[in-house]
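Subject: Structure for you to look at, with notes on its charged pairs

Dear colleague,

I am passing on the structure below, and I would be glad if you read my notes with it open beside you.

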Amino acid sequence: QVQLVESGGGSVQAGGSLRLSCVVSRNTFSFSRACIGWFRQAPGKEREAVAVIDTAGSTLSGDFVQGRFTISRDNAKATLYLQMNSLKPEDTAMYYCATTGGGCYYYSLPTSKALTYWGQGTQVTVSS
């Protein structure tokens with residue numbers, strides 16, 4: 001069973017930074033080719049895509065990111081990262097790592113239903 005384990009969440013003040021990590025293991029697919037990304041869900045809200053990266057290494061981010069977050073992957077470590085800078089209180093949410101388990105090319109942000117494997121999430125809390 002594919003395992004995704006997120007870490008790096010925490011509590012920060014507005015304007016601060018966090019770096020989330022997601023380690024993928026027990027995968028039978030190629031991590032370097034897999035479509036993978038970060039989603040988040042705040043209480044009472046739907047889960048939304050934060051940033052994704054596809055087989056070609058192309059990335060897409062939600063409009064709310066506005067250049068503040070950077071998604072990247074280290075194929076040797078089978079790890080996905082999300083560097084978050086200039087955090088705002090509205091970024092408070094549970095952040096999840098998810099992958100399709102296969103290759104793809106993104107032309108628009110996927111919905112959560114498009115991804116198959118999910119981690120348990122890491123909480124990010126930003127105070128004003």
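Is E48 buried, partly exposed or exposed? With a relative accessibility of 32%, E48 counts as partly exposed, since the buried class takes in values under 20% and the exposed class values over 50%. Please keep in mind that this is a predicted model.

E48 is a useful place to start, as it forms a salt bridge with R40, in which the closest N and O atoms are 2.8 Å apart. R40, by contrast, has a relative accessible area of 7% and is therefore buried. As general background, side chains of opposite charge can pair when their charged atoms come close.

R40 also forms a salt bridge with D91, where the closest N and O atoms lie 2.9 Å apart. Because R40 belongs to strand 4 (residues 36-41) and D91 to the loop between strand 8 (79-84) and strand 9 (93-99), this pair ties together parts that are 51 residues apart in sequence. D91 and R40 are both buried.

D91 has a further salt bridge, with R68, and here the closest N and O atoms are 2.7 Å apart. R68 sits in the loop between strand 6 (59-61) and strand 7 (69-74), while D91 is in the loop between strand 8 and strand 9, so the pair ties together parts 23 residues apart in sequence. R68 is buried, as is D91.

Taken together, the structure holds three salt bridges, and through shared partners R40, E48, R68 and D91 are joined into one network.

With best wishes

Technical notes
Residues numbered from 1 in each chain as written. Predicted model: local features only at pLDDT ≥ 70, side-chain atom pairs only at ≥ 80, totals over all residues. Heavy atoms only, no water. Salt bridge = Lys/Arg side-chain N within 4 Å of Asp/Glu carboxyl O. Buried < 20%, exposed > 50% of the residue type's maximum accessible area, 1.4 Å probe, protein only. Helix = DSSP H or I, 4+ residues; strand = E, 2+ residues; numbered from the N terminus.
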